[in-house]
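Here is a quick tour for someone meeting this structure for the first time. Take a look at it below, then read on.

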Amino acid sequence: MRRRYRIRAQIEAVIRACTDQLALTGCQARSDRAQQYHVARCLVAFCVLERERHDRQLSIYQLKRQLSFKGRSLALPALVRLRGAA
């Protein structure tokens, strides 16, 4: 039971981060396919940011703050690795 509750808490943390930080609920699309793409993109963005957050040992809020202040000048190695794998 404890293991299942821990997994549930992790899932809720991912959903909370996607809704609060990655505009998961901001999708204006009407078709199911467009909504699925939006959710998938939010999850990919979460994975990239989570990897970057882990590498830099920051919270998601600290990383978001750095990204908002430095913008495109801040390199994201996790995103570069993802592009290279594609």
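## Surface and burial

The accessible surface of the protein chain adds up to about 7,200 Å², and carbon and sulfur atoms account for 55% of that. Keep in mind that this is a predicted model. Of the 86 residues in the chain, 17% are buried.

There's also a nonpolar patch on the surface, about 270 Å² of it, built from Ile7, Ile11 and Ile15. Ile15 belongs to helix H1, which covers residues 2–21. With a relative accessible area of 47%, Ile15 is partly exposed.

## Overall layout

What do the elements look like from the N terminus on? They go α-α-α-α, so to speak a chain with 4 helices and 0 strands. As for contacts between residues at least 6 apart in sequence, 42% of them link residues at least 24 apart.

## Salt bridges in helix H2

The salt bridge count is 4, and several of the residues involved sit in helix H2, including Arg53 and Glu50. The side chains of these two meet with an N to O distance of 2.6 Å. They are 3 residues apart, or about one helical turn. Both are partly exposed: Arg53 has a relative accessible area of 23%, and Glu50 comes in at 26%.

Arg51 pairs up with Asp55, and here the closest N and O atoms are 3.4 Å apart. This pair also lies in H2, with 4 residues, about one turn, between one partner and the other. Arg51 is partly exposed at 45% relative accessibility, and Asp55 is partly exposed at 39%.

Then there's Glu52, which forms a salt bridge with Arg56, their closest N and O atoms being 2.8 Å apart. Again the partners are 4 residues apart in H2, about one helical turn. Is Glu52 buried or exposed? Its relative accessibility is 2%, so Glu52 counts as buried. Arg56, on the other hand, is partly exposed, with a relative accessible area of 28%.

## Two loop residues

Thr25 is in the loop that runs between H1 and helix H2 (32–56). Thr25 counts as exposed because its relative accessibility is 65%, which is over the 50% cut-off. Its C-alpha atom is 9.4 Å from that of His38, a residue 13 positions away along the chain.

Gln57 sits in the next loop to look at, the one between H2 and helix H3 (60–70). Gln57 isn't a glycine, yet it has a positive phi of about 60 degrees. It is exposed too, with a relative accessible area of 72%.

Note on methods. Residues numbered from 1 in each chain as written. Predicted model: local features only at pLDDT ≥ 70, side-chain atom pairs only at ≥ 80, totals over all residues. Heavy atoms only, no water. Patch = residues over 30% accessible without salt bridge, like charges linked within 9 Å, V, L, I, M, F, W, Y side chains within 5 Å. Areas by Shrake-Rupley, 256 points an atom, 1.4 Å probe, with all protein chains shown as cover. Buried < 20%, exposed > 50% of the residue type's maximum accessible area, 1.4 Å probe, protein only. Contact = heavy atoms within 4.5 Å.
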